Amino acid sequence: MDKSSKPKRPSIPEPVKRELWIKSGGRCEFRGCNKYLYMDGVTKQPRNLSNIAHIVSWTSNGPRGNKDSEKLATDISNLMLTCAEHNHLIDDDKYVDEYPIELLQRYKREHEERIFRVTGMGQNYGARIVKMWSQIQNQIPQMSDKDIGEAIHPYYPLEEPLNIDLTQLEDVMAATKQIKKIVDLHMLSDKKQERYCIFIMAKIPYACYLGYILGNKVKSNTFQYFRDSQNWKWKDTEAGHFCTIQPDNENMMNSEVNLLVEVSGKIDLKLVPSNICYHIQADVPGFLFIQSLKQVIEFQIKFRELLSTIREKHGEDSKINLFLAIPNPIAFEIGRTIMKNIDPTIILYDKVADKVNYEQIMVLHERIRE
Ligand SMILES: [Zn+2]
């Protein structure tokens, strides 16, 4: 076929274009791209960067073309708003096998459903993401912004995430100082009463401390990274419960007690100081025990009750040594649950470096006497 006989691509009517712009939210509909198409990347000035790609080519011998080509040439269901790069992928014969009709239709549908859902959210669904991470066993954990963004639905992220990077700080003192500095500066001074979505991949004492200094001063939701599904989305599955174990009543005069929190594993009693022990534990401790937000709430209630019991039995001047085998969101909740004017002093223990026994690493909460 020579060029002169090639049919001219039918122009797409303005109302169809308008509908496509609205449905796509002005963003590239190719899965994973989402590029905003109405702004120059460099000058940030308004500029139309869009292309309109045909899922079924407008000619029967074009990419994915068929007997319906002519009919579909200006049909909204067959058009995708794309960036130049992805327009090229869709409109090139070379990639037809890789991107068949059904796949492109799915990209379009998923994109337009998401735009509809996200733009339909009320204003009070905005949340600020807080990411905190430290070295864990000499590794720097990876936290994908995409996974995090997907986990906070139905909230949507406001501005950029607030990052608390502790990877360069080696000791607890330096880390807690850094956490406090960022929290004071960016969270507690914030008068907007925003909601915070908290994502932590850090040493457990740091997560406790973040929860402790935030307390109930801000609205917060915690998240957990699931190694099995490799995302941060809470599951709805029915999961395990917690129980508490209290010592016999005869030892109640002790003013120093151990509190063992055993969720991801058990703590060897031979490695902790010889005080009487209270336990709060998962009915089946393990790394995959925490699955749902319901469990976090159940934990919070039982932990709160246990702290109150200890205070009643041993007095407010007693001292609680805290030993933790828990994931990050539970550590955050422990910190958040402590009542600053009421609870006895709480000392956090951890295993330090290559030492076998647990050692005191920080005073998490100090009861201020009036
Ligand atoms: Zn694109």
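## Briefing: a loop asparagine, ring pairs, a sheet and a helix

Let's start with Asn-48, which sits in the loop between α1 and β1. Keep in mind that this is a predicted model. From that loop, we'll go on to the aromatic pairs, a six-stranded open sheet and helix α6, which spans residues 172-188.

**Around Asn-48**

- With a relative accessible area of 46%, Asn-48 counts as partly exposed, because that label covers values between 20% and 50%.
- Once you set aside neighbours within four places in sequence, Asn-48 is in contact with Trp-21, Leu-37 and Tyr-38.
- Tyr-38 is ten residues from Asn-48 along the chain, and their C-alpha atoms are 4.8 Å apart.
- The Asn-48 side chain also makes a polar contact, at 2.8 Å, with the side chain of Ser-50.

**Aromatic pairs**

- Searching the whole structure turns up 13 aromatic pairs.
- One of them is Phe-30 with Tyr-99, an edge-to-face pair with 5.2 Å between centres and 65° between the planes.
- That pair bridges distant parts of the chain: Phe-30 is in the loop between α1 (14-24) and β1 (51-54), while Tyr-99 is 69 residues away, in the loop between α3 (84-91) and α4 (101-119).
- Phe-30 and Tyr-99 are both buried.
- Phe-199 and Trp-232 make an edge-to-face pair too, at 5.0 Å centre to centre and with 80° between the planes.
- Phe-199 belongs to strand β6 (residues 195-201) and Trp-232 to the loop between β7 (219-223) and β8 (242-245), so this pair ties together parts 33 residues apart in sequence.
- Both Phe-199 and Trp-232 are buried, and ring pairs join them with Phe-223 and Tyr-225 in a cluster.
- For a charge over a ring, look at Tyr-212: Lys-340 lies over its face, 4.3 Å from the ring centre.

**Next to Trp-232: Asn-231**

- Asn-231 is another loop residue, placed between β7 and β8.
- A polar atom of the Asn-231 side chain lies 3.0 Å from the backbone nitrogen of Lys-233.
- Not counting residues up to four places away in sequence, Asn-231 touches Gln-224, Tyr-225 and Phe-226.

**The open sheet**

- Six strands make up this sheet, running β8-β10-β9-β11-β12-β13 with mixed pairing.
- The edges are β8 and β13 (358-365); each has a single partner strand, so one side of each lacks a neighbour in the sheet.
- From one strand to the next, the twist averages 25°.
- At the β8 edge, β8 pairs with β10 (residues 276-282) in the antiparallel sense, over four bridges.
- Within that pairing, Thr-244 has Ile-280 in β10 as its bridge partner.
- Helix α7 (residues 204-214) packs on the sheet, where it touches β11 (319-325), β12 (345-351) and β13; the direction of α7 makes about 15° with that of β13.

**Helix α6**

- At the N-terminal end of α6, Asp-171 acts as a cap, with a side-chain oxygen 3.1 Å from the backbone nitrogen of Met-173.
- The buried residues of α6 are Val-172, Ala-175, Thr-176, Ile-179, Ile-182, Val-183 and Met-187.
- Why might that spacing make sense? An α-helix has 3.6 residues a turn, so residues three or four places apart point the same way.
- Those buried α6 residues pack against β3 (126-133), β5 (162-165), β6, α7 and β13.

How values were computed
Residues are numbered from 1 along each chain as its sequence is written. This is a predicted model: local features need pLDDT of at least 70, side-chain atom pairs count only at pLDDT 80 or more; totals for chains, interfaces and linings use all residues. Side-chain values use heavy atoms; hydrogens and water are left out. Rings of Phe, Tyr and Trp (its six-membered ring) pair if their centres lie within 6.5 Å; planes under 30 degrees apart count as stacked, over 60 as edge-to-face and the rest as tilted. Helices (H or I, at least four residues) and strands (E, at least two) are DSSP runs, numbered from the N terminus. Buried means under 20% relative accessible area, exposed over 50%, partly exposed in between (1.4 Å probe, protein chains only). A charge sits over a ring if NZ of Lys or CZ of Arg is within 6 Å of the ring centre and within 35 degrees of the ring normal. Two strands pair if DSSP finds at least two bridges between them. Axes are lines fitted to C-alpha atoms, for helices over the stretch in contact, and angles run from 0 to 180 degrees between N-to-C directions. Contact means heavy atoms within 4.5 Å. A polar contact is a pair of N or O atoms within 3.5 Å; within protein, one must be able to donate a hydrogen and the other to accept it, and residues adjacent in sequence count only if both atoms are side-chain atoms.
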